[in-house]
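Grab a pencil and work through these exercises at your own pace. Each one sets a task and then solves it step by step.

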Amino acid sequence: MPDQSSWLREATATAEGGHVRTDDGGLSTALASPLAPHCTGLTPEQLLAAAFASCLHHAAVEVAGEITDEAHTVQVRAEAKLGRDNDGRYRADVHAEISSAGLSRDQLADLVEYADRLWPFSSGDTSRHRLTVTPAENGRH
């Protein structure tokens with residue numbers, strides 16, 4: 001992993017009390033609760049689909065700018081499915097599609113391939129990300 005000084009962007013989000021929000025206020029929404037199935041709000045699979053679509057869209061727009069002047073037409077559709085393994089652990093399956101108006105099949109294939117390589121959760125490389133989960137200090141929010 002790169003050292004801290006090489007990171008380009010950073011964000012923090014907090015989920016509690018049936019809501020999730022980014023610390024900058026850019027996102028604040030209700031969450032569905034496994035403890036209160038009657039509650040409405042975003043589900044984990046909706047959040048995963050949105051996060052993957054957003055990340056891949058960012059990469060695809062960057063790449064499209066090198067292929068065409070129609071980068072503003074890039075669209076990413078992501079579908080996320082959650083399941084459970086026999087041991088109870090969740091597993092995720094995410095499928096994303098990229099489209100862009102005015103590109104030939106070859107240009108679109110190049111766009112998809114390059115964008116997929118750019119973002120940290122590419123379909124061919126699971127070694128480029130790390131998740132560390134630790135207990136928070138008491139009283140820290």
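**Exercise 1.** Which residues lie nearest the centre of the second largest pocket, and how many residues line it?

*Solution.* Before we start, a word on the model: it is predicted, so local features need pLDDT of at least 70 and side-chain atom pairs count only at pLDDT 80 or more, while totals for chains, interfaces and linings use all residues. Residues are numbered from 1 along each chain as its sequence is written, and side-chain values use heavy atoms, leaving out hydrogens and water.

- Step 1: get the term straight. On a 1 Å grid over the protein atoms alone, a pocket is an open set of points where a 1.4 Å probe fits, with protein on both sides within 12 Å along at least five of seven lines; lining residues have an atom within 4 Å of a point.
- Step 2: read off the lining. It has 16 residues, and Phe 52, Trp 119, Phe 121, Ser 122 and Ser 123 lie nearest the centre.
- Step 3: add the volume, meaning the space filled by probe spheres set on the points, which are joined across faces, edges and corners. Here that is about 360 Å³.
- Step 4: find the main supplier. S5 gives the largest share of this lining, five residues. (Strands are DSSP runs of E, at least two residues, and helices are runs of H or I, at least four, numbered from the N terminus.)

**Exercise 2.** Describe the largest pocket and its lining.

*Solution.*

- Step 1: the largest pocket holds about 2,700 Å³ of space.
- Step 2: 46 residues line it, and Ala 11, Ala 51, Cys 55, Pro 120 and Phe 121 are the closest to its centre.
- Step 3: strand S1 (13-16), strand S2 (19-22), helix H1 (44-67) and strand S5 (90-99) each give two or more residues to this lining. H1 gives the most, with eleven.
- Step 4: sort the lining by class. You get 30 nonpolar, eleven polar and five charged residues, where Ala, Val, Leu, Ile, Met, Phe, Trp, Tyr, Cys and Pro count as nonpolar, Asp, Glu, Lys and Arg as charged, and the others, Gly among them, as polar.

**Exercise 3.** In what order do the strands of the open sheet run, and which stand at the edges?

*Solution.*

- Step 1: the order is S1-S2-S3, with antiparallel pairing. (Two strands pair if DSSP finds at least two bridges between them.)
- Step 2: S1 and S3 (28-30) are at the edges; each has a single partner strand, so one side of each lacks a neighbour in the sheet.
- Step 3: zoom in on S2 and S3, which pair over three bridges. His 19 has Ala 30 in S3 as its bridge partner.
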